[in-house]
Amino acid sequence: MTSGKKLALLTSLLLPLTCLATPTPDADAARALVASLNRPAPARTAFAEARFMRVLDKPLVVSGELAWLGGDRLERRVDTPMKETSTIADGEVTQEREGKKPRSFSLKRAPQLKVLLDSFVALLAGDPSRLGESFEIALGRDADRWQLTLTPRDPRIAKQIASIHVYGSGNVPRCMRMDESDGDTSIDLLGELATKMPAEPTREGLIAQCGGAM
């Protein structure tokens, strides 16, 4: 498995409003919002993901369930169009696909992935200090809706991930978008929104769906 695929796998284990105000550098507000996202483990949510790749004419669409199991343990279960489970536990990433032998690799072989894991766990656990160690955090708000923009601090990660956007309302994340440095994009619809993945999704349409009309 290439480092790019490993990175995509890790980031997909987790979670721009075009009409939002420009993200504000208000650090206290961003920290308070991240802290409000905390959920007791195990925390599970449905997801539907569309991955837009330059080499493909149509996006890859999968759906299933994401789970934070506590500590540094994450699980991503895909139910359609195939059955696949990816798990991070005890410093190992394991991928199991129906009809095939499980594949595993150690996070020790890729320190930059460990940084990402720490950061996503910090987001899921509502720990703004830990999240801020690896990302610059900007917050955009409009009424009850918000957008967190996470920009990697580590140049090694920035070569692969340009930015991550988390959209939500109140203290509930609705979507997550990852823009890779090579132009590929993954957009995850979370929770109840996961049932509303269009039959033929587009980047622009999903971004609008995450943000809604204002």
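**Figure 1. Overview of the protein and its surface.** The accessible surface of the protein comes to about 10500 Å², and 52% of that area belongs to carbon and sulfur atoms. The structure shown is a predicted model, and the values in these legends are to be read with that in mind. Its secondary structure comes to six helices and eleven strands. Of the 214 residues of the protein, 47% count as buried.

**Figure 2. The disulfide between Cys175 and Cys210.** A disulfide is a covalent bond between the sulfur atoms of two cysteines. In this model the count comes to one disulfide, and the sulfur atoms of Cys175 and Cys210 that form it are 2.2 Å apart. The bond connects distant parts of the chain, since Cys175 belongs to strand β10 (residues 172–180) while Cys210 belongs to helix α6 (residues 203–211), with the two positions 35 residues apart in numbering. The link between Cys175 and Cys210 is left-handed, with -100° about the S-S bond. Cys175 is buried, with a relative accessible area of 0%, and Cys210 is likewise buried, with a relative accessible area of 2%.

**Figure 3. The buried face of helix α2.** Helix α2 spans residues 27–36, and its buried residues are Ala30, Leu33 and Val34. When the helix is seen down its axis, these buried residues fall within an arc of 100°, so they line one face of α2.

**Figure 4. Strand β1 and its two partners, β2 and β11.** Strands β1 and β2 run antiparallel and are joined by nine bridges, and within this pairing Glu49 stands opposite Val62 in β2. Strand β1 also pairs with strand β11 (residues 185–190), again in the antiparallel sense, over six bridges. In that second pairing, Ala50 stands opposite Ile187 in β11. As a general guide to reading such a view, in a regular strand the side chains alternate between the two faces of the sheet.

**Figure 5. The loop between β1 and β2, with a nonpolar patch and the salt bridges of Arg54.** Val55, Leu56 and Leu60 make a nonpolar surface patch of about 280 Å². Leu56 has its place in the loop between β1 (43–52) and β2 (60–70), and with a relative accessible area of 35% Leu56 is partly exposed. Arg54 lies in the loop between β1 and β2 as well, and Arg54 forms a salt bridge with Asp182 (3.9 Å, N to O), a pair that links distant parts of the chain because Asp182 lies in the loop between β10 and β11, 128 residues apart from Arg54. The side chain of Arg54 also meets that of Asp184 in a salt bridge (3.8 Å, N to O), and here too distant parts of the chain are linked, with Asp184 in the loop between β10 and β11 and 130 residues apart from Arg54. Arg54 counts as exposed at 60% relative accessibility, Asp182 is partly exposed at 35%, and Asp184 is buried, with a relative accessible area of 7%.

**Figure 6. The loop between β7 and β8, with Ala143 and a salt bridge beside it in the sequence.** Ala143 is found in the loop between β7 (135–142) and β8 (145–152), and has a positive phi of about 55° although it is not a glycine. With a relative accessible area of 75%, Ala143 is exposed. Arg145 forms a salt bridge with Asp142, and the closest N and O atoms of this pair are 3.9 Å apart. Arg145 is buried, with a relative accessible area of 16%, whereas Asp142 counts as partly exposed at 30% relative accessibility.

**Figure 7. Two cis peptide bonds and the backbone at Asp90.** The peptide bond from Ala41 to Pro42 is cis, with omega near 0°, and Pro42 has its place in the loop between α2 and β1. The peptide bond from Thr80 to Pro81 is also cis, with omega near 5°, and Pro81 lies in the loop between β3 (73–80) and β4 (84–89). Asp90, in the loop between β4 and β5 (92–97), has a phi near 55°, which is a positive value in a residue other than glycine. At 78% relative accessibility, Asp90 counts as exposed.

**Figure 8. A network of salt bridges.** A search of the whole structure finds 13 salt bridges. Arg44, Glu65, Glu75, Arg77 and Asp79 are linked in a network of such bridges.

Note on methods: Residues are numbered from 1 along each chain as its sequence is written. This is a predicted model: local features need pLDDT of at least 70, side-chain atom pairs count only at pLDDT 80 or more; totals for chains, interfaces and linings use all residues. Side-chain values use heavy atoms; hydrogens and water are left out. A disulfide is a pair of cysteine sulfur atoms within 2.5 Å. Helices (H or I, at least four residues) and strands (E, at least two) are DSSP runs, numbered from the N terminus. Buried means under 20% relative accessible area, exposed over 50%, partly exposed in between (1.4 Å probe, protein chains only). The arc is that of the directions from the helix axis to the C-beta atoms. Accessible areas come from the Shrake-Rupley method with a 1.4 Å probe; for residues, only the protein chains shown count as cover. Patches are made of residues with over 30% relative accessible area and no salt bridge: like charges are joined within 9 Å, nonpolar side chains (Val, Leu, Ile, Met, Phe, Trp, Tyr) within 5 Å. A salt bridge is a side-chain nitrogen of Lys or Arg within 4 Å of a carboxyl oxygen of Asp or Glu. Two strands pair if DSSP finds at least two bridges between them.
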